[in-house]
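Here are some exercises to work through at your own pace. Have a look at the structure, try each task, and then compare your steps with the solution.

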Amino acid sequence: MTKTCPECGLSLQGRDNESDTCSDCLLTDNYSTIEGVIRQTINQPIMNKKEILLDPIEMSEALMLHIFNAEFGGELDPNHRFFECYLQLQLLKEKMLKDEEDAVIAIEGDEVKS
């Protein structure tokens with residue numbers, strides 16, 4: 001689909017749910033990329049209402065859930081081609097949780113010493 005930027009008239013090509021404004025115009029007035037994306041999202045909300053996960057632990061869990069349901073069919077299969085990936089995600093998640101716990105303990109230990 002072809003659109004025209006309302007700010008500068010530049011011809012834009014893309015899908016229906018993509019920005020109506022070119023990136024140059026989004027970044028005018030000293031806006032950062034994030035601020036430009038936020039302005040565009042407010043003007044034209046994202047069509048897909050799925051939550052964006054930024055926490056690596058939550059991302060790992062979401063990917064594991066997808067693999068478990070979509071690939072394994074709700075049952076772990078050690079012979080499946082994604083089993084090793086699933087296992088590594090589980091180990092990574094456990095490591096991140098342990099690191100997070102260790103960081104909390106270290107911070108609490110510093111507060112006790114103060």
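**Exercise 1. Classify Asp102 by its relative accessible area, then find its salt-bridge partner.**

Solution. Start with the classes: buried means under 20% relative accessible area, exposed over 50%, and partly exposed in between, with a 1.4 Å probe and protein chains only. Asp102 has a relative accessible area of 35%, so this residue is partly exposed. Next, apply the salt-bridge test, which asks for a side-chain nitrogen of Lys or Arg within 4 Å of a carboxyl oxygen of Asp or Glu. The side chain of Lys98 meets that of Asp102 at 3.3 Å, N to O. Lys98, at 49% relative accessibility, is also partly exposed. Finally, place the pair: both residues lie in helix H4, 4 residues apart, about one turn of the helix. Helices here are DSSP runs of H or I with at least four residues, strands are runs of E with at least two, and both are numbered from the N terminus.

Before you go on, please note that this is a predicted model, in which local features need pLDDT of at least 70 and side-chain atom pairs count only at pLDDT 80 or more, while totals for chains, interfaces and linings use all residues. Residues are numbered from 1 along each chain as its sequence is written, and side-chain values use heavy atoms, with hydrogens and water left out.

**Exercise 2. How many salt bridges does a search of the whole structure find, and which parts do they join?**

Solution. The search returns 3 salt bridges. One of them is the Lys98 and Asp102 pair from above. Another joins Asp99 and Lys95 at 2.7 Å, N to O. These two residues are 4 apart in helix H4, so about one helical turn separates them. Asp99 is partly exposed at 38%, and Lys95 is partly exposed at 49%.

Now take Lys93 and Glu61, whose side chains meet at 3.4 Å, N to O. Lys93 is in helix H4 and Glu61 in helix H3, so this bridge ties together parts 32 residues apart in sequence. Lys93 is buried, with a relative accessible area of 16%, whereas Glu61 is partly exposed at 36%. As general background, side chains of opposite charge can pair when their charged atoms come close.

**Exercise 3. Which residues does Ser60 contact, leaving aside neighbours within four places in sequence?**

Solution. First locate Ser60: this residue lies in helix H3 and counts as buried at 6% relative accessibility. Then list the contacts (heavy atoms within 4.5 Å). They are Leu89, Leu92, Lys93 and Met96. Check two of these from the other side. Lys93 contacts Ile57, Ser60, Glu61 and Met64, and Leu89 touches Ser60, Leu63, Met64 and Ile67.

**Exercise 4. Find the aromatic pairs and describe how Phe68, Phe72, Phe83 and Tyr86 are linked.**

Solution. Set the criteria first: rings of Phe, Tyr and Trp (its six-membered ring) pair if their centres lie within 6.5 Å; planes under 30 degrees apart count as stacked, over 60 as edge-to-face and the rest as tilted. The whole structure holds 3 such pairs. Among them, Phe68 and Tyr86 are tilted, at 6.5 Å centre to centre with 35 degrees between the planes. Phe68 sits in helix H3 (residues 56–71) and Tyr86 in helix H4 (residues 83–113), 18 residues apart. Phe68 is partly exposed at 23%, while Tyr86 is buried at 15%.

Phe72 and Phe83 also have centres 6.5 Å apart, and their planes are at 50 degrees, so this pair is tilted too. Phe72 lies in the loop between H3 and H4 and Phe83 in helix H4, so the pair links parts 11 residues apart in sequence. Phe72 is buried at 9%; Phe83 is partly exposed at 21%. To finish, ring pairs link Phe68, Phe72, Phe83 and Tyr86 into a cluster.

**Exercise 5. Which residues make up the largest nonpolar core?**

Solution. Look for buried Ala, Val, Leu, Ile, Met, Phe, Trp, Tyr and Cys residues joined through side-chain atoms within 4.5 Å. The largest such set has 5 residues: Met64, Ile67, Phe72, Tyr86 and Leu89. H3 and H4 each supply at least two of them.
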